[in-house]
Amino acid sequence: MAKAYAIIADGTEEVECLGVVDVLRRAGVTTEIVSVGELTVKSSHGVVITADRTIAETDFSDADLIFTPGGMPGTSNIAACEKVIAAIEQTLARGKYVAAICAAPALVLGANGFLRGKSAICFPGFEKHMNGADISTGARVVTDGQIITARGLGCTLELGLALVGLLVGEDKAAQIKEKIQF
């Protein structure tokens, strides 16, 4: 069974996070929401989310996927967490996946050098932080090897389905797509 971790912080975009988590869980992917701070966070639009665990309680060595949603200042809070950056580095080194949406491809992945030589996308206006990336202008979701990026909230379900395709298989992604009427 695949294992995914969704990282949240105060200011996380709630729909980007919970939409992807929902699709992954529907596919049977064991998915834990991990807060970089307190167990309970307030999203970018004032929605209170209770994580499954905090970063201090988390060992990412079994991660098949680490996912970082956007939202401000949530993305900046996630990017400032050294344990998240180290976990992303270790996950990629183990040949597993990392996904990010909205500002997170730029501020979490690009600013830390994970996108060098990769095709990627982010929320418009954050491109200057996509250090070394080939920006796929106009794309909604971009998969380049182990890194999957998405433009923003409107691409949330598409990103979730792409991740299911990678982790569980395209047949399962198609089943979920039909069930959720996407």
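Me: Helices (H or I, at least four residues) and strands (E, at least two) are DSSP runs, numbered from the N terminus. With that in hand, in which strand does Thr149 lie?

Reply: Thr149 lies in strand β11. This is a predicted model, in which local features need pLDDT of at least 70 and side-chain atom pairs count only at pLDDT 80 or more, while totals for chains, interfaces and linings use all residues. Residues are numbered from 1 along each chain as its sequence is written, and side-chain values use heavy atoms, with hydrogens and water left out.

Me: Why is Thr149 called buried?

Reply: Buried means under 20% relative accessible area, exposed means over 50%, and partly exposed lies in between (1.4 Å probe, protein chains only). Thr149 has 0% relative accessibility, so it counts as buried. The side chain of Thr149 also reaches the backbone nitrogen of Ile121 at 2.9 Å.

Me: How do the side chains of β11 point?

Reply: In a regular strand the side chains alternate between the two faces of the sheet. In β11 (residues 147–150), Ile147 and Thr149 point one way, Ile148 and Ala150 point the other way, and all are buried.

Me: Which strands pair with β11, and in what sense?

Reply: Two strands pair if DSSP finds at least two bridges between them. Strand β7 (residues 97–101) pairs with β11 in the parallel sense over four bridges, and strand β10 (residues 141–144) pairs with β11 in the antiparallel sense, also over four bridges. In the β7 pairing Ile101 stands opposite Ala150, and in the β10 pairing Asp144 stands opposite Ile147.

Me: What makes Tyr5 and Phe60 an aromatic pair, and why is the pair named as it is?

Reply: A search of the whole structure finds two aromatic pairs. The rings of Tyr5 and Phe60 have their centres 4.9 Å apart and their planes at 70°, so the pair is edge-to-face. The rule is that rings of Phe, Tyr and Trp (its six-membered ring) pair if their centres lie within 6.5 Å, with planes under 30 degrees apart counted as stacked, over 60 as edge-to-face and the rest as tilted. Tyr5 lies in strand β1 (residues 3–8) and Phe60 in the loop between β5 (53–54) and β6 (65–68), so the pair ties together parts that are 55 residues apart in sequence. The rings of Phe123 and Phe126, with centres 6.4 Å apart and planes at 65°, form an edge-to-face pair by that rule as well.

Me: How do you know that Asp52 and Arg25 form a salt bridge?

Reply: A salt bridge is a side-chain nitrogen of Lys or Arg within 4 Å of a carboxyl oxygen of Asp or Glu. The closest N and O atoms of Asp52 and Arg25 are 3.0 Å apart, and the pair therefore qualifies. This salt bridge links distant parts of the chain, with Asp52 in the loop between β4 (48–50) and β5, and Arg25 in helix α1, 27 residues apart.

Me: Why is Asp52 called partly exposed, and is Glu32 buried or exposed?

Reply: Asp52 has a relative accessible area of 44%, which falls between the two limits, so Asp52 is partly exposed. Glu32, at 13% relative accessibility, falls below the lower limit and therefore counts as buried.

Me: With which residue does Glu32 form a salt bridge?

Reply: The side chains of Glu32 and Arg53 meet in a salt bridge at 2.4 Å, N to O. Glu32 lies in strand β2 (residues 30–35) and Arg53 in strand β5, 21 residues apart, and the pair links distant parts of the chain.

How values were computed. Polar contact = N/O pair within 3.5 Å; in protein donor to acceptor, adjacent residues only side chain to side chain.
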